[in-house]
Structures are given as structure tokens and as C-alpha cells.
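Here's a quick briefing to read with the model open beside you. Could you pull up the structure and follow along?

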Amino acid sequence: MSVYKRLGATDVIANTNTLLYTVPAAKSAVVSTISVCNTGIDPGTFRVAIIPGELSAISKKDHIYYDLPLAGNDTFMATIGLTMSAGYSIAVYGSSSDIVFSSFGSEVA
């Protein structure tokens with residue numbers, strides 16, 4: 001059974017990796033869209049990584065976006081269809097605390 005929903009939402013502490021969403025045990029997920037919104041007036045950058053474990057384990061190969069620029073008062077939408085198994089997480093990072101993230105998709109039992 002699939003449950004379609006907002007999988008996660010978070011704002012970040014500038015220049016700090018933050019978990020956006022972790023697939024629960026005994027489930028898998030399809031992340032259809034990731035939204036990155038710069039709520040401030042100054043430009044910034046952001047990162048998104050798919051990790052198999054803890055935040056401390058992020059490596060270069062885990063990133064799907066790395067230091068992408070984002071203008072002030074602008075939004076980046078990625079419709080990508082990521083498939084993730086139990087225990088995998090989306091980690092996000094913004095150069096400013098004005099950058100906020102959301103993910104949308106479905107969890108499959």
C-alpha cells in the first residue's frame with residue numbers, strides 16, 4: 001500500500017547538514033519532488049544528499065545537488081522520482097538559515 005504525502009520539511013542552521021526525511025523501518029519510499037525555497041532577499045547555495053546512515057557519514061558520492069545557487073526570494077523544484085529503502089535519508093544543507101526544504105512522495109509498506 002502506498003501513502004502519498006509530504007515526507008518532510010525543515011529549515012536549517014546555516015552551513016550545517018540536517019536530516020530532511022528518513023525512510024521508516026520495513027518501508028520504502030519514492031521521493032517525487034524536493035523543494036528548496038530561499039525565504040530571504042540574499043542569494044545562497046544549497047546541497048542535497050541521499051545517505052545510507054548517519055549525517056556524519058556523508059561523502060561526495062552521496063550528493064545529488066552540491067552548492068547550487070539560489071537567488072533570494074526564489075524556489076528550486078526538483079521532480080526526480082528517487083527510490084529509497086528503509087533507513088536511507090535525505091540530508092540537506094543551506095548556506096543561510098533562510099533556505100528551507102520540503103520533500104513530497106509516497107511511502108510503500
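D67 is partly exposed, with a relative accessible area of 31%. Keep in mind that this is a predicted model. D67 makes a salt bridge with R47, and the closest N and O atoms sit 2.7 Å apart. What follows starts from that pair and works outwards.

**The D67–R47 salt bridge and what surrounds R47**

- D67 belongs to strand β5 and R47 to strand β4, so the salt bridge ties together parts that are 20 residues apart in sequence.
- R47 has a relative accessibility of 17%, so R47 counts as buried, while D67, at 31%, is partly exposed.
- R47 also lies over the face of Y93, at 4.1 Å from the ring centre.
- The two strands that carry this salt bridge are paired as well: five bridges join β4 (residues 44–51) to β5, and the two run antiparallel.
- One spot to look at in that pairing is V48, which stands opposite Y65 in β5.

**The sheet that holds β4 and β5**

- This is an open sheet of four strands in the order β2-β7-β4-β5, with antiparallel pairing.
- β2 (18–22) and β5 (63–70) are the edge strands; each has a single partner strand, so one side of each is left without a neighbour in the sheet.
- On average, neighbouring strands in this sheet are turned by 20 degrees against each other, direction ignored.

**The other sheet**

- There is also an open sheet of four strands ordered β1-β8-β3-β6, again with antiparallel pairing.
- Here β1 (2–11) and β6 (74–85) stand at the edges with a single partner strand each, so one side of each has no neighbour in the sheet.
- From one strand to the next, the twist averages 15 degrees.
- Inside this sheet, 10 bridges join β3 (residues 28–38) to β8 (residues 99–108), and these two strands run antiparallel.
- If you want a landmark in that pairing, find N38: the bridge partner of N38 in β8 is I99.

**Salt bridges around E107**

- How many salt bridges does a search of the whole structure find? The search finds three, and one of them is the D67–R47 pair described above.
- E107 forms a salt bridge with K5, with the closest N and O atoms 3.3 Å apart.
- That pair links distant parts of the chain: E107 is in strand β8 and K5 in strand β1, 102 residues apart.
- The side chain of E107 also meets that of K27 in a salt bridge, at 3.7 Å from N to O.
- E107 is in strand β8 and K27 in the loop between β2 and β3, so this pair ties together parts that are 80 residues apart in sequence.
- Put together, K5, K27 and E107 are linked in a network of salt bridges.
- Which member of the network is buried? E107 is, with a relative accessible area of 6%.
- K5 counts as partly exposed at 37% relative accessibility, and K27 is partly exposed too, with a relative accessible area of 29%.

**Aromatic rings**

- The count of aromatic pairs comes to four.
- F46 and Y65 make a tilted pair, 6.3 Å centre to centre, with 50 degrees between the planes.
- F46 is in strand β4 and Y65 in strand β5, so the pair ties together parts that are 19 residues apart in sequence.
- Both F46 and Y65 are buried.
- F46 pairs with F76 as well: the ring centres are 5.2 Å apart and the planes are at 45 degrees, so this pair is tilted.
- The F46–F76 pair links distant parts of the chain, with F46 in strand β4, F76 in strand β6, and those positions 30 residues apart.
- Is F76 buried or partly exposed? F76 is partly exposed, with a relative accessible area of 24%, whereas F46 is buried at 0%.
- F46, Y65, F76 and F101 form one aromatic cluster.

Terms used: Residues are numbered from 1 along each chain as its sequence is written. This is a predicted model: local features need pLDDT of at least 70, side-chain atom pairs count only at pLDDT 80 or more; totals for chains, interfaces and linings use all residues. Side-chain values use heavy atoms; hydrogens and water are left out. Two strands pair if DSSP finds at least two bridges between them. Axes are lines fitted to C-alpha atoms, for helices over the stretch in contact, and angles run from 0 to 180 degrees between N-to-C directions. A salt bridge is a side-chain nitrogen of Lys or Arg within 4 Å of a carboxyl oxygen of Asp or Glu. Buried means under 20% relative accessible area, exposed over 50%, partly exposed in between (1.4 Å probe, protein chains only). Rings of Phe, Tyr and Trp (its six-membered ring) pair if their centres lie within 6.5 Å; planes under 30 degrees apart count as stacked, over 60 as edge-to-face and the rest as tilted. A charge sits over a ring if NZ of Lys or CZ of Arg is within 6 Å of the ring centre and within 35 degrees of the ring normal.
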